[in-house]
Amino acid sequence: MDITQKLSLLGGLTPEQFMRRHWHKKPLLIRQALPGLQPLLSRAELFELAGREDVESRLIARGDQGWSLKRGPLTRRALPPLTRPGWTLLVQGVDLHQQAVHELLQQFRFVPDARVDDLMISYATDTGGVGPHFDSYDVFLLQVQGRRRWRIGRLADPALLPGMPLKILENFVAEQEWVLEPGDMLYLPPRWAHDGVADGECMTYSVGFRAPSRAELAREVVVRMLEALDEDAVEVLYRDPDQPATTTPGALPLGLNAFARDAVADLLHDEDSFACALGEYLSEPKPQVWFEVGEGQDLSAGVRLDRRSRMMYDERHIFFNGESYRAAGRDARLMRTLADTRSLDAKQVAQLSPDARALLEQWADDGWLHPL
Ligand code: SIN
Ligand code: CO
């Protein structure tokens, strides 16, 4: 992607300017970010997705008793009648199921893949919404069908309404208000209060991001580093030939403390193991994802990644769907191109070494990528 090119998607800003001025900093309303945008999924198709076991969905309604939340799978019969106002259906991860939605998400790849979460679709009947709230993540809210009135404001008071099944701000103060029409988009940084209310039947697509916490990263990385510990380390036992006779048998030997400290320090200082663990974690596919195996396909015309595949890299490794591979030289360059562009053409495939080509064939068999 040319990050110096002005995009109507970003209201005439270049991705560079957008990231510098708005990303994580301040909201941006973009009228006609995607002019002429048509829904990529019909209402019936969205409802069908909401009924599936492998799709995360939620039904939110506001009634006399306050807010209600029902988690999916939601069959058609679990949804209120279309004539009833005030309810909304949220379907997560639609990009994993629908190629056109996956392709729409690609327009946001001026943000690293490791930060992108998914595309969620919300359907609402008139006055439907999820109430005034704030999210911990950046979001692009793209109006796709019908109109939605958005009110937003700085988060002055994060207190939530008590006893509700979802997070509703107790004291939401709107500073700005707009009605979004199909093709319009609103970008919000994390922790901006917002409330979107459907003005008639409406569909909104949210491009959501993931920001792992320090604790989550530390846990996931260390768990993987431990799993990768080689057999040698397992067999190194504590030895104490110099242990004198003790009159305080309850006291922990200092040597044992130092031995353990050393083992932990060695584990954490293993740069390669750290890089692999991090890349494997960040490239892990979503838990509900499975790939269809394909056997013995001809890849000579080129390859493209499956829409569910997550491929990333660092200076020394390629990470693909939770696996890591060491890569150097021309193979590494080509694999990085595959990660960045999600495809390789015939000429690029022909330049791969026999080993890398064999890997490509293995990945095609696994359903992680497909022939062009
Ligand atoms: C919605 O699309 O209804 C909710 C999205 C959000 O507020 O984050
Ligand atoms: Co929100």
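This report walks through the domains, the metal site, the nonpolar cores and a few helices of a predicted model.

Local features need pLDDT of at least 70 and side-chain atom pairs count only at pLDDT 80 or more, whereas totals for chains, interfaces and linings use all residues. Residues are numbered from 1 along each chain as its sequence is written, chains are lettered from A and ligands numbered from 1 in the order in which they are written, and side-chain values use heavy atoms, with hydrogens and water left out.

**Domains**

The domain assignment splits the protein into domain 1 (8-209), domain 2 (214-282) and domain 3 (302-371); such bounds come from an automatic or database assignment. Taken over C-alpha atoms, the centres of domain 1 and domain 2 are 44 Å apart.

**The cobalt site**

Let us turn to the metal. The cobalt ion (ligand 2) is held by H133 (NE2), D135 (OD) and H194 (NE2), at 2.0 to 2.1 Å. Along the chain these donors follow the spacing H-x1-D-x58-H. Donors here are N, O and S atoms within 2.8 Å of the metal (3.2 Å for Na, K and Ca), and because water is not among the atoms, sites may look incomplete. H133 is buried at 12% relative accessible area, while D135 is partly exposed at 28%. Buried means under 20% relative accessible area, exposed over 50% and partly exposed in between, with a 1.4 Å probe and protein chains only.

**Nonpolar cores**

A nonpolar core is a set of buried Ala, Val, Leu, Ile, Met, Phe, Trp, Tyr and Cys residues joined through side-chain atoms within 4.5 Å. The largest one has 43 residues, and F18, L89 and F140 have the most contacts inside it. A second, separate core of 25 residues includes V303, L305, I318 and A356.

Contact means heavy atoms within 4.5 Å. Not counting residues up to four places away in sequence, F18 touches L10, L13, W23, L28, F110, F140 and Y187. M185 lies in strand β8 (residues 185-188) and is buried at 0% relative accessibility. With the neighbours within four places left aside, the contacts of M185 include L28, F108, F140 and L180. A33 is another of these contacts; its C-alpha atom is 6.1 Å from that of M185, although the two are 152 residues apart along the chain.

T14 sits in the segment before α1 (15-21). T14 is buried as well, at 7% relative accessible area, and beyond four places in sequence it is in contact with I3, T4, Q5 and K6.

**Two helices**

Helices (H or I, at least four residues) and strands (E, at least two) are DSSP runs, numbered from the N terminus. The expected span of a helix is 1.5 Å times one less than its number of residues.

| Helix | Length | End-to-end C-alpha distance | Expected span |
|---|---|---|---|
| α4 (214-227) | 14 residues | 20 Å | 20 Å |
| α8 (329-341) | 13 residues | 19 Å | 18 Å |

In α4, the residues V221, R224 and M225 are buried. Seen down the axis of α4, they fall within an arc of 100°, so they line one face of the helix; the arc is that of the directions from the helix axis to the C-beta atoms. The buried residues of α4 pack against α6 (254-268) and α7 (271-282).

In α8, the buried residues are D331, A332, L334, M335, L338 and A339. They lie within an arc of 165° and so line one face of α8. Just after α8, R342 takes a positive phi of about 60°.
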